[in-house]
Amino acid sequence: MKSTVSAPGRGHKMPVCTTDKSQAVLAAVDSASGKPVVVGHSAACSLAWLAADARPGKIAKAVFVGGFPAVDGRPYADFFELRDGVMPFPGWGPFQGPDSAGLDEQARDAIAAAAVPVPGGVATGVVRLRDERRFDVPVVVVCPEFSPAEAREWVSAGDVPELAKCRHLDYADLDSGHWPMFTRPAELAGLLAGLLAAAAEGVSPGGDAATTP
């Protein structure tokens with residue numbers, strides 16, 4: 001039976017550094033029965049990849065939704081300005097266009113109101129990757145605000161160095177904007193359930209892992 005694991009955030013003790021987040025995920029991986037699937041969204045794709053690096057033999061699959069893992073030596077998520085030691089939600093300006101597709105004004109207001117500022121120690125924490133066996137972990141890139149063709153092009157061009165070295169890399173199309181958990185939750189859940197089932201059976205879909213209309 002495959003399972004998924006989650007990192008601390010709202011409703012949990014907030015992590016103060018990237019190591020806190022990574023250790024929380026690794027604790028869940030270590031306590032899981034069988035090999036879990038780790039799923040990261042946006043910046044947390046790096047978190048999922050850190051788990052693959054630390055436990056390459058214990059993870060069935062890494063799934064990246066709307067993002068890519070950082071390379072060794074780069075900050076975890078220094079995307080926006082820090083204020084008073086935290087990185088608050090920057091407003092919708094940086095997300096105009098495909099990123100915010102499908103979100104009406106009510107949804108945007110709700111997301112902004114619920115957003116939790118990222119502690120500076122998490123945002124600027126340096127990613128450290130040490131075990132090249134991580135490249136043996138099967139990876140699926142879920143493409144919400146960009147297409148599988150675009151993602152392939154970026155990987156082929158060397159813009160995503162970590163994924164260029166993966167030995168088992170698939171893509172899944174989910175035309176939803178950057179937040180499919182809000183805009184297409186049922187489709188995202190179904191896609192992840194399919195990936196979990198395939199991992200449980202030890203099956204690699206090959207090519208595009210999944211597509212949705």
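# Why these words fit this model

Tutor: Both D53 and R134 are buried. The structure is a predicted model, in which local features need pLDDT of at least 70 and side-chain atom pairs count only at pLDDT 80 or more, while totals for chains, interfaces and linings use all residues. Residues are numbered from 1 along each chain as its sequence is written, and side-chain values use heavy atoms, with hydrogens and water left out.

Student: What makes D53 and R134 a salt bridge?

Tutor: The closest N and O atoms of D53 and R134 are 3.1 Å apart, and a salt bridge is a side-chain nitrogen of Lys or Arg within 4 Å of a carboxyl oxygen of Asp or Glu, so the pair qualifies. The two partners come from distant parts of the chain, since D53 is in helix α2 and R134 is in the loop between α4 (120–123) and β6 (139–143), 81 residues apart. Helices (H or I, at least four residues) and strands (E, at least two) are DSSP runs, numbered from the N terminus.

Student: How many salt bridges does a search of the whole structure find?

Tutor: The search finds 8 salt bridges, and one of them joins the side chains of R55 and D30 at 2.8 Å, N to O. This pair also links distant parts of the chain, with R55 in the loop between α2 (45–54) and β3 (61–65) and D30 in helix α1 (residues 18–31), 25 residues apart.

Student: Why is R55 called partly exposed?

Tutor: Buried means under 20% relative accessible area, exposed over 50%, and partly exposed in between (1.4 Å probe, protein chains only). R55 has a relative accessible area of 25%, so R55 is partly exposed. D30, at 35%, is partly exposed too, because that value also lies between the two limits.

Student: How do you know that D136 and R167 form a salt bridge?

Tutor: Their side chains meet at 2.8 Å, N to O, and because that value is within 4 Å, the pair counts as a salt bridge. D136 is in the loop between α4 and β6, whereas R167 is in the loop between α6 (161–164) and β7 (169–173), 31 residues apart. D136 has 39% relative accessibility, so D136 counts as partly exposed. Elsewhere, salt bridges that share partners join D30, R55 and K58 into one network.

Student: Why is S176 called buried?

Tutor: S176, in the loop between β7 and α7 (180–183), has 4% relative accessibility, which is under 20%, so S176 counts as buried. Leaving aside neighbours within four places in sequence, S176 is in contact (heavy atoms within 4.5 Å) with A101, P144, T183 and R184.

Student: Is G177, in the loop between β7 and α7, buried or exposed?

Tutor: G177 is buried, because its relative accessible area of 2% is under 20%. G177 and P98 are 79 residues apart in sequence, yet 5.5 Å apart in space, C-alpha to C-alpha. Not counting residues up to four places away in sequence, G177 touches P98, D99, A101, P144 and E145.

Student: Which residues have the most contacts inside the largest nonpolar core?

Tutor: They are W49, F64, V139, V141 and L163, in a core of 33 residues. The elements that give two or more residues to this core are α1, α2, β3, β6 and α5 (148–156), and α2 gives the most, with 7 residues.

Student: What makes a group of residues a nonpolar core?

Tutor: The term is used for a set of buried Ala, Val, Leu, Ile, Met, Phe, Trp, Tyr and Cys residues joined through side-chain atoms within 4.5 Å. For V141, leaving aside neighbours within four places in sequence, the contacts include F64, F68, L163 and Y171.

Student: How many disulfides does the search of the whole structure find?

Tutor: The search finds 0 disulfides, which means that no pair of cysteine sulfur atoms is within 2.5 Å. C45, with a relative accessible area of 0%, is buried, and C166 is buried as well, with 13%.

Student: What is the phi of D84?

Tutor: Phi of D84 is near 55°, a positive value in a residue other than glycine. Most residues other than glycine have a negative phi. D84 lies in the loop between β3 and β4 (86–87), and its relative accessible area of 82% is over 50%, so D84 is exposed.
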